[in-house]
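Trainee: Before I use this structure, I would like to go through the terms applied to it and ask what stands behind each one.

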Amino acid sequence: MERLQKIIAQAGIASRRKSEELILSGKVEVNGEVVTELGTKANPEEDMITVNGKPIRSEKKVYMMLNKPKGVITSASDPEGRKIVSDYLKGVKERVYPVGRLDYDTEGLLILTNDGEFAHLLTHPKHHVPKTYHATVKGVPHGSALEKLKTGIMLDDGMTAPAEIEYKDVDTAANESVISITIYEGRNRQVRRMFEAINHPVTRLKRISFGGILLQNLKRGLTRNLTKEEVNNLITLAKSEPAKKMKKR
């Protein structure tokens, strides 16, 4: 017997958090009865479980990455008719969804899966999975300004965790810089807000690494499957003690 939200997530319907929302909204039935209690358990081998009236079935687990272009929404649909991530997954039969988000104006590495437990593991705040971005910012931040980002800076939703910062390029003629920043959190538009806090707004943002998985030369708009080794490395990293990862910063 397992919790319903875990069964639904493992079937590739949605992430565990979204599965909980489906249960609470009355869209899940077990043996013909609507279930709205999150603690409910079921046996996927014996019980008839439906979501939105459709029986769930196990799918082959898929783990992949997309080089998300700028101007693409990381959601299942968009009422404004803008491009969404699934527009780039035409050959993928399984119902995969993004692990975390990249905002509309941010490009780069986005992991997708139909494994809800895997997605939950990588996005849970306690696991501190590192994400590295190249941020093109206005001006040339002084070392003292970047030091604030390294040690933690106060945003409207609290103090950020320490970040890793490195200059990548400085264009004095254009009065802009490219800064590599690695963060261990997943707040909304966090990197942009961090640079705004030191008065060097971001003009371009690209994620180049997620938990040690590198974007490398994957072309914009294309996908590739993660290797078994890469998936296992991500799981191992996420499950390792946060204190050990903090010491590496």
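Mentor: Start with confidence, as this is a predicted model. The mean pLDDT of the protein is 91, and 96% of its residues reach 70 or more.

Trainee: What makes residues 243-249 a separate case?

Mentor: Over residues 243-249 pLDDT stays under 50, on a scale that runs from 0 to 100. The model has 11 contacts beyond four places in sequence for this segment. Where pLDDT is low, the predicted coordinates should not be read in detail.

Trainee: Why is the set that includes Leu149, Ile181, Val191, Met194 and Phe195 called a nonpolar core?

Mentor: The name requires buried residues of certain nonpolar types, joined through side-chain atoms within 4.5 Å. The largest such core has 29 residues, and the five you list have the most contacts inside it. Elements giving two or more residues to this core include strand 9 (106-113), helix 4 (143-151) and helix 5 (190-197).

Trainee: How do you know that this core lies between domains?

Mentor: Domain 2 (61-123 + 211-237) and domain 3 (129-208) both give residues to the core, so it lies between them. A second, separate core has 19 residues, among them Tyr97, Leu215, Leu218 and Val231.

Trainee: Which residues does Val191 contact, leaving aside neighbours within four places in sequence?

Mentor: Val191 is in contact with Tyr133, Ala135, Ile181, Ile183, Val202 and Leu205.

Trainee: What makes the link between Asp103 and Arg189 a polar contact?

Mentor: The cut-off for the N or O atom pair is within 3.5 Å. The side chains of Asp103 and Arg189 are joined at 3.5 Å, and those of Asp103 and Arg192 at 3.4 Å, so both pairs meet the cut-off. Asp103 itself is in the loop between strand 8 (97-98) and strand 9. Beyond four places in sequence, Asp103 also touches Lys68 and Val72.

Trainee: Why do strand 5 (residues 49-51) and strand 6 count as paired?

Mentor: Pairing needs at least two bridges. Strands 5 and 6 have 2 bridges, in the antiparallel sense, so they qualify. Val51 has Lys54 in strand 6 as its bridge partner.

Trainee: What makes strand 3 and strand 6 (54-55) edge strands?

Mentor: Each pairs on one side only. The open sheet has 4 strands in the order 3-2-5-6, with antiparallel pairing. Val34 is found in strand 3 (residues 33-34). Leaving aside neighbours within four places in sequence, Val34 is in contact with Gly26, Val28 and Glu29.

Methods: Residues are numbered from 1 along each chain as its sequence is written. This is a predicted model: local features need pLDDT of at least 70, side-chain atom pairs count only at pLDDT 80 or more; totals for chains, interfaces and linings use all residues. Side-chain values use heavy atoms; hydrogens and water are left out. Buried means under 20% relative accessible area, exposed over 50%, partly exposed in between (1.4 Å probe, protein chains only). Domain bounds come from an automatic or database domain assignment. Contact means heavy atoms within 4.5 Å. pLDDT is the predictor's confidence in each residue, from 0 to 100. A polar contact is a pair of N or O atoms within 3.5 Å; within protein, one must be able to donate a hydrogen and the other to accept it, and residues adjacent in sequence count only if both atoms are side-chain atoms.
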